[in-house]
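This report looks at how a ligand is held in a protein model and at a few backbone features that deserve a second look. The sequence and the structure come first.

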Amino acid sequence: MKKGKIISFEGPDGAGKSTVLETLMPVLQQKYDGHVIMTREPGGVAIAEKIRHVILDVNHTSMDSKTELLLYAAARRQHLVEKILPELEKGNLVLIDRFIDSSVAYQGYGRGIAVSDVDWLNHYATDGIKPDLTLLFDVPSETGLARIQTNNEREVNRLDLEKLDMHQRVRQGYLSLASQEPKRIKIIDASQSLETVIKDTQTILETFLELS
Ligand code: TMP
């Protein structure tokens with residue numbers, strides 16, 4: 001029986017979600033009355049990190065879209081079983097950098113795989129578990145890509161190298177998911193200054209977790 005909570009951080013590449021998550025993690029650990037963990041997809045556990053390596057290798061340009069989708073789903077399943085479910089059973093709060101919506105936005109809207117197939121596979125991989133709250137860091141694709149290109153500390157992965165139109169479809173995919181599930185998915189304007197984005201995110205999290 002699920003007792004803990006999942007909050008996922010989503011958005012196109014270059015939206016800054018990982019920086020915001022890392023900044024707010026210690027704040028939440030201090031304020032939240034319970035244990036908080038931070039993890040990421042694809043990855044989070046050894047097997048899934050190895051799958052991440054295969055998916056994101058810039059040399060793997062011949063990877064088929066369905067192969068890519070299946071690898072994300074495999075990484076998700078392993079991560080869920082090995083790490084997320086045990087944390088939820090202990091009643092902990094799991095903050096996750098990307099989850100099911102990334103597959104819908106990137107492999108569904110971005111690559112053109114039927115969204116109904118992606119939904120089915122997500123459901124199969126997670127046994128139907130969905131985040132309790134999803135924060136969507138929305139940024140115009142041109143801004144996101146420009147940020148990636150100027151950030152020397154960030155690893156450049158195979159999906160970063162995709163053309164602008166793929167990134168635009170991903171963004172539209174996220175926005176359409178948010179309009180379909182407005183209660184779960186909250187949009188944050190990530191084109192603002194990092195300071196403002198962090199403040200907006202903190203406000204939403206504190207309200208949701210009833211911290212203030
Ligand atoms: P990251 O750079 O945020 O760690 O994510 C790695 C890349 O993987 C990013 O470009 C988004 C992509 N991705 C998908 O295409 N589908 C997925 O299901 C997930 C989790 C990530």
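Helices, taken as DSSP runs of H or I with at least four residues, and strands, taken as runs of E with at least two, are numbered from the N terminus. In these terms E210 lies in the segment after α8 (194-208). The model discussed here is predicted.

**The ligand site**

The space taken by the ligand is the largest pocket. The shell around the ligand holds 16 residues, of which D13, Y72, R98, S103 and Q107 come nearest. By class, this shell divides into seven charged, five nonpolar and four polar residues. At least two shell residues come from each of α2 (46-56), α3 (65-89) and α4 (100-110), and α4 gives the most, with four residues.

For three of the nearest residues, a side-chain N or O atom can be paired with an oxygen atom of the ligand, as the table shows.

| Residue | Partner | Distance |
|---|---|---|
| D13 side chain | ligand oxygen atom | 2.9 Å |
| R98 side chain | ligand oxygen atom | 2.7 Å |
| S103 side chain | ligand oxygen atom | 2.6 Å |

Around these contacts, the protein covers 96% of the 480 Å² of accessible area that the ligand has on its own.

**R76 and its partners**

Helix α3, which supplies residues to the shell, also contains R76. Is R76 buried or exposed? Because buried means under 20% relative accessible area, R76, with a relative accessible area of 2%, is buried. The side chain of R76 makes a polar contact of 2.8 Å with the side chain of E41, and the R76 side chain also reaches the backbone oxygen of F99 at 3.3 Å. E41 is in turn joined to P42 by a cis peptide bond, with omega at about -10 degrees, and P42 is found in the loop between β2 (36-40) and α2.

**Backbone exceptions**

Most residues other than glycine have a negative phi, and most peptide bonds are trans. Against that background, R98, although not a glycine, has a positive phi of about 80 degrees. R98 lies in the loop between β3 (93-97) and α4, and with a relative accessibility of 13% R98 counts as buried.

E210 is likewise not a glycine and has a positive phi of about 55 degrees. The relative accessible area of E210 is 71%, so E210 is exposed, whereas R98 counts as buried.

How values were computed
Residues are numbered from 1 along each chain as its sequence is written. This is a predicted model: local features need pLDDT of at least 70, side-chain atom pairs count only at pLDDT 80 or more; totals for chains, interfaces and linings use all residues. Side-chain values use heavy atoms; hydrogens and water are left out. A residue is near a molecule or strand if one of its heavy atoms lies within 4 Å of it. A polar contact is a pair of N or O atoms within 3.5 Å; within protein, one must be able to donate a hydrogen and the other to accept it, and residues adjacent in sequence count only if both atoms are side-chain atoms. Accessible areas come from the Shrake-Rupley method with a 1.4 Å probe; for residues, only the protein chains shown count as cover. On a 1 Å grid over the protein atoms alone, a cavity is a set of points where a 1.4 Å probe fits but cannot get out, and a pocket is an open set with protein on both sides within 12 Å along at least five of seven lines; lining residues have an atom within 4 Å of a point. A molecule sits in a cavity or pocket if more than half of its atoms lie within 2 Å of its grid points. Ala, Val, Leu, Ile, Met, Phe, Trp, Tyr, Cys and Pro count as nonpolar, Asp, Glu, Lys and Arg as charged, and the others, Gly among them, as polar. Buried means under 20% relative accessible area, exposed over 50%, partly exposed in between (1.4 Å probe, protein chains only).
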